[in-house]
Amino acid sequence: MKSTPITLSEFYHRFPKADLHYHLLGGVRLATMLSLAEKYQVELTEHDAKAYYRAHQQETGIVKGGIEALTFLYQLMQEPCDYARVLREVAEDAHACGVKYIETFWNPSDTELSYLAVTTALTDAIDEAYQQMGIIIRLIPSINREKSPEEAVAMVNEMIAHPHPYVLGVGIDYKEHNAPVENFWKAYRIAKKQGYKLTAHCSEFGLHWRNVETGIELIEVDRIDHGYSIIDNPLLTKEYAEKGIPFTVIPSNTFFFKQWPEHQQWCEHHPIRAMAKAGMNIIPCTDDWHIHNTTSANCYRVMVEDFGFDLGSLKQMIINSIEACWMPTEVKMQWLAEWVDEFDTLRTNLVAEPVIAPEMKICYRR
Ligand SMILES: [Zn+2]
């Protein structure tokens with residue numbers, strides 16, 4: 001059977017992908033933000049709304065961070081149906097990009113709506129998205145670390161009071177500077193005892209590698225989100241590489257754009273490259289899809305065109321993402337066989353393999 005040649009751009013869009021680090025409200029489209037503001041009569045000009053979106057920040061001259069965007073959006077989402085709408089749109093955008101599976105964070109303590117009401121709206125929308133598009137989405141309620149550890153415990157107790165098979169684990173996010181993960185040990189311990197999986201944003205924003213160590217050794221998380229500063233400790237880097245602890249990594253992370261505003265420097269020095277060279281278990285993810293002006297296809301494109309990974313490296317990262325996800329083993333085994341096969345077939349149809357500068361090229365295998 002003759003197959004149609006495909007471009008690299010089509011390739012990035014079509015091979016099967018899992019996104020394990022996706023903040024639900026980071027996936028709110030600009031038009032949806034404006035429509036929610038109109039629905040609840042919140043004063044918001046298009047100019048002001050665009051200030052939350054990286055794609056438009058040059059045009060507005062105002063730069064608001066991802067955390068500010070999420071905080072604002074939680075205030076705009078005043079009914080459970082708003083969550084269902086956003087989840088549906090997230091599924092549509094991801095599906096158009098070849099994403100088959102998402103584990104998405106949302107912050108129950110940031111809304112006045114009840115945990116049960118939002119979870120019901122989201123899980124119904126997940127069923128609908130699966131029926132219509134075949135995309136699978138699962139939920140990770142996430143601790144807002146800018147709030148108290150007691151609120152985190154209350155969140156986990158709500159999860160336990162209203163269990164749902166689509167709610168797989170607990171995460172933590174928001175500003176880490178004065179809120180290291182150990183402050184939230186109690187919420188994590190309760191969740192772990194109930195069989196929930198654990199993940200945590202640690203050592204984001206250039207913060208000390210100790211936060212990753214605490215997450216892994218003390219809290220006993222199954223995964224780390226970000227964790228880039230680990231490369232400042234070569235011994236721990238080696239140990240965690242050998243243990244294969246999964247790290248979700250985000251090419252569109254704001255901190256390193258600010259640290260190296262010059263593009264080539266950013267490409268060369270981004271810790272994602274050093275983590276890969278050390279043999280760590282890394283999984284590229286989008287974090288805040290629309291807010292950061294990225295997509296899952298773009299995320300993998302950056303890995304090749306900016307960071308110098310070859311296509312065999314991408315295949316390894318897809319395998320990593322399946323192995324690190326929290327679906328049942330039999331599902332993961334099936335995905336491993338099917339997705340790798342699909343990746344290989346699409347690759348043979350490529351018009352041309354990417355050209356990577358020899359001094360940048362990384363062949364990442366584990
Ligand atoms: Zn994140």
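**Note on side-chain contacts and the zinc site**

1. Y83 counts as buried, at 0% relative accessibility. The model under discussion is predicted. W106 is likewise buried, with a relative accessible area of 1%.

2. A search of the whole structure returns 17 aromatic pairs. One of them joins Y83 and W106: the ring centres are 6.1 Å apart and the planes stand at 65 degrees, so the pair is edge-to-face. The assignment rests on the plane angle, since over 60 degrees counts as edge-to-face. The pair links distant parts of the chain, with Y83 in helix 6 (residues 80–95) and W106 in strand 2 (residues 99–106), 23 residues apart.

3. Ring pairs also link F11, Y12, F15, Y300 and F343 into a cluster. F15 has a further contact, with a charged side chain: K17 lies over the face of the F15 ring, 4.3 Å from its centre. A second case of a charge over a ring involves R138, whose charged end sits over Y166 at 4.0 Å from the ring centre.

4. Which protein atoms are the donors of the zinc ion? They are NE2 of H21, NE2 of H23, NE2 of H201 and OD of D287, at distances of 2.0 to 2.3 Å from the ion. Along the chain, these donors follow the spacing H-x1-H-x177-H-x85-D. H201 and D287 link distant parts of the chain: H201 belongs to strand 5 (residues 197–202), D287 to the loop between strand 8 (281–284) and helix 15 (296–305), and the two are 86 residues apart.

5. The geometry of the zinc site is irregular, with angles of 83 to 175 degrees among the four donor atoms. Four donors count as tetrahedral if all angles lie between 85 and 135 degrees, so the range of 83 to 175 degrees does not qualify. A caution applies here: water is not among the atoms, so sites may look incomplete. As for exposure, H201 counts as buried at 2% relative accessibility, and D287 counts as buried at 4%.

6. The structure holds 17 salt bridges. In one of them R29 pairs with D93, the closest N and O atoms being 3.0 Å apart. This pair links distant parts of the chain: R29 lies in the loop between strand 1 (17–23) and helix 2 (30–39), D93 lies in helix 6, and the separation is 64 residues. R29 is partly exposed, with a relative accessible area of 23%, whereas D93 counts as buried at 17% relative accessibility. The cut-off that divides them is 20%, because buried means under 20% relative accessible area.

7. R29 and D93 also belong to a network of salt bridges that links R29, R85, E89, E92 and D93. A reader checking the R29 to D93 contact may want to view it together with R85, E89 and E92.

8. K39 and E79 form another salt bridge, with the closest N and O atoms 3.0 Å apart. K39 is in helix 2 and E79 in the loop between helix 5 (66–76) and helix 6, so the pair ties together parts that are 40 residues apart in sequence. K39 counts as partly exposed at 39% relative accessibility, and E79 is partly exposed with a relative accessible area of 34%.

9. The salt bridge between K50 and E46 has an N to O distance of 3.3 Å. Both residues lie in helix 3 (residues 46–50), four residues apart, which is about one turn of the helix. Is K50 buried or exposed? At 13% relative accessibility, K50 counts as buried. E46, its partner, is partly exposed, with a relative accessible area of 45%.

10. How many disulfides does a search of the whole structure find? The search finds zero. C285 is in no disulfide, and the nearest cysteine sulfur, that of C299, is 6.6 Å away. The pair of sulfur atoms would have to be within 2.5 Å to count, so C285 and C299 do not form one. C285 is buried, with a relative accessible area of 1%. C363 is in no disulfide either; its nearest cysteine sulfur belongs to C267, 17 Å away. C363 is partly exposed, with a relative accessible area of 49%.

How values were computed
Residues numbered from 1 in each chain as written. Predicted model: local features only at pLDDT ≥ 70, side-chain atom pairs only at ≥ 80, totals over all residues. Heavy atoms only, no water. Buried < 20%, exposed > 50% of the residue type's maximum accessible area, 1.4 Å probe, protein only. Donors = N, O, S within 2.8 Å, 3.2 Å for Na, K, Ca; no water. Tetrahedral: all angles 85-135°; square planar, octahedral: opposite > 155°, others 65-115°. Phe/Tyr/Trp six-rings, centres within 6.5 Å; stacked < 30°, edge-to-face > 60°. Lys NZ or Arg CZ within 6 Å of the ring centre and 35° of its normal. Salt bridge = Lys/Arg side-chain N within 4 Å of Asp/Glu carboxyl O.
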